[in-house]
Amino acid sequence: NFALILSAQYADSVYIFCLKAPVPVVESTELCYSDEAVLTATGAGNFNWYKEFTGGSPIFTGSQFTTGKLLNDTVFYVANADNHYESLRTAAEVKVRARPDILVSSDLTFCQGSSVMLSVEEADEYTWSTGEKTRSIEVGTSGEYSVIVKNNDLECESMDAVTVKVNDLPSSDFTFVPEDPEANKDVFFSTGGSGSVEWLWDFGDGSTSTEQNPVHIFDELGNYPITLTATSVYGCTSTSTVNIGIITGIERSLADAFEI
């Protein structure tokens with residue numbers, strides 16, 4: 001069939017033209033997980049971009065192709081489209097580097113006075129949201145913390161910020177009356193400390209109490225270290241200790257009658 005022969009000859013000519021057509025030049029690149037890449041082709045005036053090495057329809061026409069967000073290594077292909085036929089396609093590989101995971105040394109919720117270490121895998125450079133430039137940082141205040149990790153020229157920011165919650169300590173301050181307590185008489189203790197839900201008093205004579213504002217009687221004279229441990233709803237504790245001296249009624253009368 002003459003028409004079939006002509007068609008074959010035409011196809012062969014186009015194939016030869018395609019083989020001889022200058023192929024585009026495009027550099028492979030790398031990016032951070034879930035980022036977009038911008039691929040730039042040179043070596044021709046018009047370009048068609050594809051997802052396959054052969055076949056398929058162009059997904060973009062132009063010299064600069066912006067990918068969508070990429071979650072894994074991906075290869076795109078670009079062809080010289082200056083003529084009614086195209087050149088062979090050049091592969092443009094995009095390598096996806098995972099964003100850094102922030103590693104934590106302990107719980108992210110803790111009581112005031114404690115801290116947690118935040119760190120990332122080894123890289124060339126680190127820049128934390130606090131401004132610190134070390135691989136690990138110690139955190140003792142509430143807030144969100146993120147990090148930008150640099151490998152060669154690629155900078156990737158941590159996918160999710162780490163949220164640290166520091167719970168305040170309850171107040172364990174307390175007072176007592178009278179100011180000069182006597183043996184075998186009531187001594188009234190009280191605490192107005194905020195943030196406390198539990199109290200443990202140690203009166204220094206072997207007696208304890210879990211009341212917020214207890215009343216205690218000291219049987220013997222002497223000095224007693226009074227200790228209050230207050231606990232918050234989050235389990236945070238603080239402790240205060242005050243030494244008091246227990247006197248007799250005679251000592252009080254003598255103190256009122258004489259002045260040295």
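Where in the chain does Pro178 lie? In this predicted model, Pro178 sits in the loop that runs between strand 18 (175-177) and strand 19 (186-190). The peptide bond that joins Val177 to Pro178 is cis, with omega at about 0 degrees. That loop holds another backbone feature worth a look. Asn184 is also placed between strand 18 and strand 19, and its phi is positive, about 60 degrees, although Asn184 is not a glycine. Most residues other than glycine have a negative phi, and most peptide bonds are trans. As for its surroundings, Asn184 has a relative accessible area of 52%, so it counts as exposed, the cut-off being over 50%.

Ser34 tells a similar backbone story elsewhere in the chain. Its phi is near 75 degrees, again a positive value in a residue other than glycine. Ser34 belongs to the loop between strand 2 (29-32) and strand 3 (38-42). How accessible is Ser34? Its relative accessibility comes to 22%, and Ser34 is therefore classed as partly exposed.

Stepping back to the whole chain, the secondary structure amounts to two helices and 24 strands. The protein chain has 260 residues, and 34% of them are buried. Its accessible surface is about 15,700 Å², and carbon and sulfur atoms hold 50% of that. Among contacts with a separation of 6 or more, 54% are between residues 24 or more positions apart. A few individual residues put some detail on that figure.

Take Ser87, in the loop between strand 7 and strand 8. Ser87 and Ala21 are 66 residues apart along the chain, yet their C-alpha atoms are separated by 5.0 Å. Is Ser87 buried or exposed? Ser87 is at 7% relative accessibility, so it counts as buried. Its side chain also reaches back to the backbone nitrogen of Asn80, at 2.9 Å.

Leu221 offers another such pairing. This residue is in the loop between strand 22 (215-217) and strand 23 (222-231), and its C-alpha atom is 7.3 Å from that of Thr248, 27 residues away along the chain. Thr248 is also on the list of residues that Leu221 contacts once neighbours within four places in sequence are set aside, together with Ala183, Ile246 and Ile247. Even with these contacts, Leu221 keeps a relative accessible area of 47% and is partly exposed.

Thr67 is another loop residue, placed between strand 6 (64-66) and strand 7 (74-80). Its relative accessible area is 1%, so Thr67 is buried. Which residues does Thr67 touch, not counting those up to four places away in sequence? They are Glu36, Ala37, Leu39 and Phe76.

Ser238, by contrast, belongs to a strand, namely strand 24 (residues 237-246). With a relative accessible area of 15%, Ser238 is under the 20% cut-off and therefore buried. Its side chain has two partners to report. One is the backbone oxygen of Pro170, reached at 2.5 Å. The other is the side chain of Ser172, with which the Ser238 side chain makes a polar contact at 3.3 Å. Both Pro170 and Ser172 turn up again among the contacts of Ser238 beyond four places in sequence, alongside Leu169 and Ser171. The rest of that list is Leu228, Thr229 and Ala230.

That leaves the largest pocket, with a volume of about 170 Å³. Its lining takes in Arg97, Ala98, Arg99, Pro100 and Asp101, then Val120, Glu121, Glu122 and Ala123, and finally Val149, Asn151 and Cys156. By type, the lining residues split into six nonpolar, five charged and one polar. One of them, Ala98, is in the loop between strand 8 (90-97) and strand 9 (103-104). Is this alanine, Ala98, buried or exposed? Ala98 has a relative accessibility of 58%, so it counts as exposed. Ala98 also pairs up with a residue from far back in the sequence: Leu31 is 67 residues away along the chain, and the two C-alpha atoms are separated by 8.7 Å.

Terms used
Residues numbered from 1 in each chain as written. Predicted model: local features only at pLDDT ≥ 70, side-chain atom pairs only at ≥ 80, totals over all residues. Heavy atoms only, no water. Helix = DSSP H or I, 4+ residues; strand = E, 2+ residues; numbered from the N terminus. Buried < 20%, exposed > 50% of the residue type's maximum accessible area, 1.4 Å probe, protein only. Contact = heavy atoms within 4.5 Å. Areas by Shrake-Rupley, 256 points an atom, 1.4 Å probe, with all protein chains shown as cover. Polar contact = N/O pair within 3.5 Å; in protein donor to acceptor, adjacent residues only side chain to side chain. 1 Å grid on protein atoms, 1.4 Å probe; cavity = no way out; pocket = protein on both sides within 12 Å on 5 of 7 lines; lining within 4 Å. Points joined across faces, edges and corners; volume = space filled by probe spheres on them. Nonpolar A, V, L, I, M, F, W, Y, C, P; charged D, E, K, R; others polar.
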